[in-house]
Amino acid sequence: MNTFIEELKKLLKQDIEQAQNTAAIAMTDYSDMGRAMRYVSQTYGVKSLTRLSECLFEFFSPLNLNVVTAFWFESGNEFFSNNSAVCPLEKELMLNAKEGERFIDFGSRTIINYPNVSLLVKNMPLDDPETYGRYKDFLPTMLGSTDAKVQSLETEQALIGQTHELGASFAAVRSTLVAV
């Protein structure tokens, strides 16, 4: 009888520990998603890639991830890092991986590609499979919204360029009409 009670206590203790772990994971996921939502709302008013990268790096700051981001524009590419200057090797690596798979893993590094943005995480937590999996689950969500914002910025820049061209054309027509 005594061993039966001890077994029940042991099973209950395991159930309690599992429930606590599940609750901790849920709270962490909830926190990550809350930060992701704040990031998306911060980017609504962003008008430059520099500011967009700052918002992205603010999101990564509590995660202690060392990242480089590349924005792919038709007019050119821009690279930003949250820790230091982007070295030529990192630029070359991201340029070569740009047309690759969505996820490219090599050692503790991961590149995540979208049409308008790529992210190089230089210190993925390989020693913590749970955190590693969580990051690989929510990072695409972050980059998906970033990709849409970069497309929006590029469209906005194109429209501004067309507006300037139209203005110049109207000015030329006006001066021609005045001359006539």
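Colleague: Let's start with one residue: why is Glu54 called partly exposed?

Modeller: This is a predicted model, and in it Glu54 has a relative accessible area of 39%. Buried would need under 20% and exposed over 50%. The value of 39% falls between those limits, so Glu54 is partly exposed.

Colleague: What makes Glu54 and Arg51 a salt bridge?

Modeller: Their closest N and O atoms are 3.3 Å apart. The limit for a salt bridge is 4 Å, so the pair qualifies. Both residues sit in helix H2, and because they are 3 residues apart there, about one helical turn separates them. Arg51 is also partly exposed, since its relative accessibility is 31%. Glu58 belongs to the story as well: Arg51, Glu54 and Glu58 are linked in a network of salt bridges.

Colleague: How many salt bridges does the structure hold?

Modeller: There are 4 of them. One joins Lys122 to Glu90, with the closest N and O atoms 2.6 Å apart. Lys122 lies in the loop between E5 and H4, while Glu90 lies in helix H3, so this pair ties together parts that are 32 residues apart in sequence.

Colleague: How do you know whether Lys122 is buried or exposed, and what about Glu90?

Modeller: The cut-off for buried is under 20% relative accessible area. Lys122 has 14%, so it counts as buried. Glu90 has 12%, so it counts as buried too.

Colleague: Which parts does the salt bridge of Asp105 and Lys136 tie together?

Modeller: Those side chains meet at 2.6 Å, N to O. Asp105 is in strand E3 and Lys136 is in helix H4, so the bridge connects parts 31 residues apart in sequence. With 40% relative accessibility, Asp105 is partly exposed, whereas Lys136, with 18%, is buried.

Colleague: Now to the strands. What makes E2 and E3 edge strands?

Modeller: The sheet is open and has 5 strands in the order E2-E1-E5-E4-E3, with antiparallel pairing. Strand E2 (76–81) and strand E3 (103–106) each have a single partner strand, so one side of each is left without a neighbour in the sheet. On average, neighbouring strands are turned by 15° against each other, direction ignored.

Colleague: How do you know that E1 and E2 pair?

Modeller: Two strands pair if there are at least two bridges between them. Strand E1 (residues 67–73) and E2 share 6 bridges in the antiparallel sense, so they pass that test. As examples, Trp72 has Asn77 in E2 as its bridge partner, and Ala70 has Phe79 in E2. A hairpin joins E1 to E2 through 2 residues.

Colleague: Which strands does helix H2 lie across?

Modeller: Helix H2 (residues 49–60) lies across E1, E2 and strand E5 (117–121), and runs at about 150° to E1. Helix H3 (residues 88–97) also packs on the sheet, where it touches E1, E2, E3, strand E4 (109–113) and E5. The direction of H3 makes about 55° with that of E1.

Colleague: Which residues have the most contacts inside the largest nonpolar core?

Modeller: That core has 29 residues, and the ones with the most contacts inside it are Leu49, Leu52 and Phe60. H2, E1, E5 and helix H4 (129–179) each supply at least two of its residues. H4 gives the most, with 8 residues. There is a general tendency behind such groupings: in soluble globular proteins, nonpolar side chains tend to be buried together.

Colleague: What does Leu52 touch?

Modeller: Leaving aside residues up to four places away in sequence, Leu52 touches Tyr39, Thr43, Val46, Phe71, Thr146, Lys149, Val150 and Leu153. Apart from the largest core lies another one, of 9 residues, among them Val68, Met94, Ala97 and Ile111.

Colleague: One last topic, the cysteines. What is the count of disulfides?

Modeller: A disulfide needs a pair of cysteine sulfur atoms within 2.5 Å, and by that rule the count is 0.

Colleague: And are Cys55 and Cys87 buried or partly exposed?

Modeller: Cys55 has a relative accessible area of 1%, which is under the 20% limit, so it is buried. Cys87 has 30%, which lies between the 20% and 50% limits, so it counts as partly exposed.

Note on methods. Residues numbered from 1 in each chain as written. Predicted model: local features only at pLDDT ≥ 70, side-chain atom pairs only at ≥ 80, totals over all residues. Heavy atoms only, no water. Helix = DSSP H or I, 4+ residues; strand = E, 2+ residues; numbered from the N terminus. Axes fitted to C-alpha atoms, helices over the stretch in contact; angles between N-to-C directions. Contact = heavy atoms within 4.5 Å. Buried < 20%, exposed > 50% of the residue type's maximum accessible area, 1.4 Å probe, protein only. Core = buried A, V, L, I, M, F, W, Y, C linked by side-chain atoms within 4.5 Å.
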